[in-house]
Amino acid sequence: MSQSDGRKTIVLTGASRGIGHATVKRFSREGWRVITCSRQAFAENCPWPAGPEDHIKVDLADPEDVGLAVSEIRHRIEAEGGQLQALVNNAGISPKLPEGGRMNSFDTPMHVWRDVFQVNFFAPIMLARGLFKELAAARGSIVNVTSIAGTRVHPFAGTAYATSKAALGSLTREMAADFGPHGIRVNAIAPGEIDTAILSPGTDKIVETIPLRRLGSTAEVADIIYFLCSGQSSYVSGAEIHINGGQHV
Ligand SMILES: NC(=O)c1ccc[n+]([C@@H]2O[C@H](COP(=O)([O-])OP(=O)(O)OC[C@H]3O[C@@H](n4cnc5c(N)ncnc54)[C@H](OP(=O)(O)O)[C@@H]3O)[C@@H](O)[C@H]2O)c1
């Protein structure tokens, strides 16, 4: 089906697991074309209805590779009318110490800082700028996935991770101001403790202090991402929505 048939397109990074996996399922269910980006090659046994033409193999830690991916995405979208309704910057890395502990400001090696900032912060701005024309053509929506760790010290999330997410939250605000006049909304979601592989052992202790007393599910996060890319949020821009069962209070 082509975009002239009214099908919307989303570019989603980090679709292979966790929150990204739930998000691709949510958008597919609503009939969107989902272009996924991750380091893995296209899986022939892909669990949602997509072909290799909807997957881009890219290492977001490599700026050159991100540039190539942007060209490739633009090329693939062009074939269907050059419009992009949504970009979701979901891929993220959160390096930990061997036992899952927090990497602090004293010991985190500089190469780890650089990798974390490249994947969590620079890749989102490179993708957003690179796909600006297509997003503007569709009056599209950008969602950046930040974290509760961006606004408070977390027992397991490292310093580089936390500061990269704080920077991404701030970038969301700046981009909302810059992209808004072109009809593009830019928002962030800040998950708390969501049931995925990124969590460290010991998270069950944190859960005891969360007002809702449970982990969030990836589907609950995907629902809010979908809301922010849908017409139901047409006057929401520059927001960062907490998805954390009340953990931030
Ligand atoms: N889970 C939580 O509780 C939680 C809380 C707060 C914020 N978040 C944020 O939510 C987002 C998703 O988290 P998650 O828990 O679903 O993570 P996850 O299960 O660890 O999945 C991370 C995704 O990012 C992709 N990715 C990682 N490095 C990449 C790279 N260099 N290039 C391309 N893709 C890369 C992975 O794909 P490949 O390995 O296939 O490349 C994978 O699909 C992240 O931004 C995370 O910081 C999560």
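**View 1. Asp195, an exposed loop residue.** Asp195 has a relative accessible area of 52%, so it counts as exposed (over 50% relative accessible area is exposed, under 20% is buried, and partly exposed is in between, with a 1.4 Å probe and protein chains only). This is a predicted model, where local features need pLDDT of at least 70, side-chain atom pairs count only at pLDDT 80 or more, and totals for chains, interfaces and linings use all residues. Residues are numbered from 1 along each chain as its sequence is written, and side-chain values use heavy atoms, with hydrogens and water left out. Asp195 sits in the loop that links β6 (185-191) to α6 (203-207); helices (H or I, at least four residues) and strands (E, at least two) are DSSP runs numbered from the N terminus. Met175 is 20 residues away along the chain, and its C-alpha atom is 29 Å from that of Asp195.

**View 2. The ligand and its shell.** There are 30 residues around the ligand, and Ser16, Arg39, Asn90, Tyr161 and Thr196 come nearest (a residue is near if one of its heavy atoms lies within 4 Å). Sorted by class, the shell holds 14 nonpolar, 11 polar and 5 charged residues. For that sorting, Ala, Val, Leu, Ile, Met, Phe, Trp, Tyr, Cys and Pro are nonpolar, Asp, Glu, Lys and Arg are charged, and the others, Gly among them, are polar. Helices α1 (18-29) and α5 (159-179) each chip in with at least two shell residues.

**View 3. Polar contacts to the ligand.** Here a polar contact is a pair of N or O atoms within 3.5 Å. Ser16 puts a polar side-chain atom 2.8 Å from a ligand oxygen, while Gly14 uses a polar backbone atom, 3.3 Å from an oxygen atom of the ligand. On the nitrogen side, a polar side-chain atom of Asp59 is 2.8 Å from a ligand nitrogen atom. The ligand taken alone exposes 880 Å², and the protein buries 97% of that (areas by the Shrake-Rupley method with a 1.4 Å probe).

**View 4. Two arginines with positive phi.** Arg139 has phi near 50°, a positive value in a residue other than glycine. You'll find Arg139 in the loop between α4 (132-138) and β5 (141-145), and it is exposed, with a relative accessible area of 62%. Gly14 is 125 residues from Arg139 in sequence and 23 Å from it in space, C-alpha to C-alpha. Arg213 is also not a glycine, and its phi is positive, near 55°. The loop between α6 and α7 (218-229) is home to Arg213, which counts as exposed at 53% relative accessibility.

**View 5. Thr23, tucked into a helix.** Thr23 is part of helix α1. With a relative accessible area of 1%, Thr23 is buried. Thr23 and Gly246 are 223 residues apart in sequence, with 22 Å between their C-alpha atoms.

**View 6. Pro109, in a loop.** Pro109 belongs to the loop between β4 (86-89) and α3 (110-130). Its relative accessible area is 30%, so Pro109 is partly exposed. Measuring C-alpha to C-alpha in the model, Pro109 and Gly18 are 27 Å apart in space, and 91 residues apart in sequence.

Conventions. A polar contact is a pair of N or O atoms within 3.5 Å; within protein, one must be able to donate a hydrogen and the other to accept it, and residues adjacent in sequence count only if both atoms are side-chain atoms.
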